[in-house]
Amino acid sequence: MSESKKFLLQECDIPTAWYNVIPAMPVKPRPMLNPATKQPLTAEDLFPLFSEEAARQEMNFTDSWIEIPEEVRDLYKIWRPTPLVRARGLEKALDTPARIYFKNESVSPVGSHKLNSAIPQAYYCKQQGVTNITTETGAGQWGAALSLASRMFGLELAVYMVKISYSQKPYRRSIMQTYGAEVIASPSMSTKAGRKIITEHPNYQGSLGTAISEAVELAMSTPNCKYALGSVLNHVALHQTVIGLEAEKQMEMAGDYPDIVIGCFGGGSNFAGIAFPFMRHNFAGERDTTFIAAEPASCPKLTRGVMQYDFGDEAGYTPLIPMLTLGHNFSPANIHAGGLRYHGAGAVVSQLKNDGLMDAVDIPQLESFAAATAFAKAEGIIPAPESAHAIAATIREALKAKEEGREKAILFNLSGHGLIDMTAYDRYIAGDLSNHEVTDEEVAANIAGLEKII
């Protein structure tokens, strides 16, 4: 293996097309349904909510490669290609025979992978003549990314930020406002969905499901306005595949190939980005890579959810999505990995998990922060609390390799840095954080009300 620390590509190596995993899947995901008629949706059905091109990409089950517009690719050059890094410091600290690599998406201007989809979504809105966008954000990474992308294309943006994160992460809010976005703590009194939730639960600190409801409602009631989403849906996962496509070339430069690919998991954007391009080789029978999604133990939709049609938001404004879900009314604990506090998984990942083509693990909050601080000490990068879940899963696999005395190549996605999450680290260092477990009874009670369509 090469002794290099970093494996760097040139701007000409930025992918020219995104990879669509759906055509290669042995079993295709079920279609989204109209909640009223229970009939499959078409791309045209989504035009009122999304840009037309995003809607077409969402419903594209036939084209394996979708061209990246030249203007989008030029903006990618601001920070892409991102480095692939050999985590030699972490390997040494763990005394493991495993070779650990990470794709460093934290080098983007907003500190995370989210800009990979924010730019094309804003671009497609601008091309269509849209003037306003709405969105939601959990930890603020997606909101920050779309704030910058909107500014690049001269669009006005309103961001509904989950209330607990609005309080926990004030500097992420400041980043959005610096780029010119309006940021509203969710639930708010500015929408019917928000007012209903506040009336029923005055002290509710919000969830991504709630924030999505408010953003969708505003988009549908505002002229020349569209909604943009940071995870879950197929077109978002599609845009993120630039991560894995670059990583393939870089692993080849390293003279290695991953036995295990790991990403943290909220709705699926960064996991899909790192994993889907490598999955196509498994589907073709060329490789036998293991794929692991690492989710919080307090929001375990992949490990303990049910496969069912469910809403993507709390108020029931979205289409019905076939997903592994804890129920759209699930109220996740106020953990610091705000970007992972979502009740369901995207349709593609849900189908892959259901078919046994990928694995999932749930990570307690304290284990994630222990892994994050170990990584920071070994590699010098303080990771986002979300990314810390992938690091914790990586450490588990590296120690397993040590116990078995086997060499393995492990690749994980460092989806973002944690330099704006230091309040969470302060609380962890002070011993002021705790784990949040969900009981089987809570899960069963929450999913009992779902309509049994599947």
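**Exercise 1.** Locate Pro187 and describe the peptide bond that leads into it from Ser186.

Solution. Pro187 sits in the loop that runs between strand 8 (182-186) and helix 9 (192-200). Helices (H or I, at least four residues) and strands (E, at least two) are DSSP runs, numbered from the N terminus. The peptide bond from Ser186 to Pro187 is cis, and its omega is near 10 degrees.

The model is predicted: local features need pLDDT of at least 70, side-chain atom pairs count only at pLDDT 80 or more, and totals for chains, interfaces and linings use all residues. Residues are numbered from 1 along each chain as its sequence is written, and side-chain values use heavy atoms, with hydrogens and water left out.

**Exercise 2.** Describe the peptide bond from Arg80 to Pro81, and place Pro81.

Solution. The bond from Arg80 to Pro81 is cis, with omega near 0 degrees. Pro81 belongs to the loop between helix 3 (70-76) and strand 4 (84-86).

**Exercise 3.** Find the phi, the loop and the accessibility of Lys38, then do likewise for Asp95.

Solution. Start with Lys38, whose phi is near 65 degrees, a positive value in a residue other than glycine. Lys38 is in the loop between strand 2 (17-19) and helix 1 (43-46). Its relative accessibility is 29%, so Lys38 counts as partly exposed; buried means under 20% relative accessible area, exposed over 50%, and partly exposed in between (1.4 Å probe, protein chains only).

Turn to Asp95, a residue other than glycine with a positive phi near 50 degrees. Asp95 is placed in the loop between helix 4 (88-94) and strand 5 (99-104). With a relative accessible area of 53%, Asp95 is exposed.

**Exercise 4.** Is Asn60 buried or exposed, and which residues is Asn60 in contact with, leaving aside its neighbours within four places in sequence?

Solution. Asn60 lies in the loop between helix 2 (52-58) and strand 3 (65-67). Asn60 counts as buried because its relative accessibility is 14%. Beyond those neighbours, Asn60 is in contact (heavy atoms within 4.5 Å) with Asn20, Ile22 and Ile66.

**Exercise 5.** Name the residues that touch the most other members of the largest nonpolar core.

Solution. A nonpolar core is a set of buried Ala, Val, Leu, Ile, Met, Phe, Trp, Tyr and Cys residues joined through side-chain atoms within 4.5 Å. The largest one has 70 residues, and Trp18, Phe271, Phe276, Leu302 and Met358 touch the most other members. Another core, of 30 residues, lies apart from it and has Leu41, Val216, Val236 and Met323 among its members.
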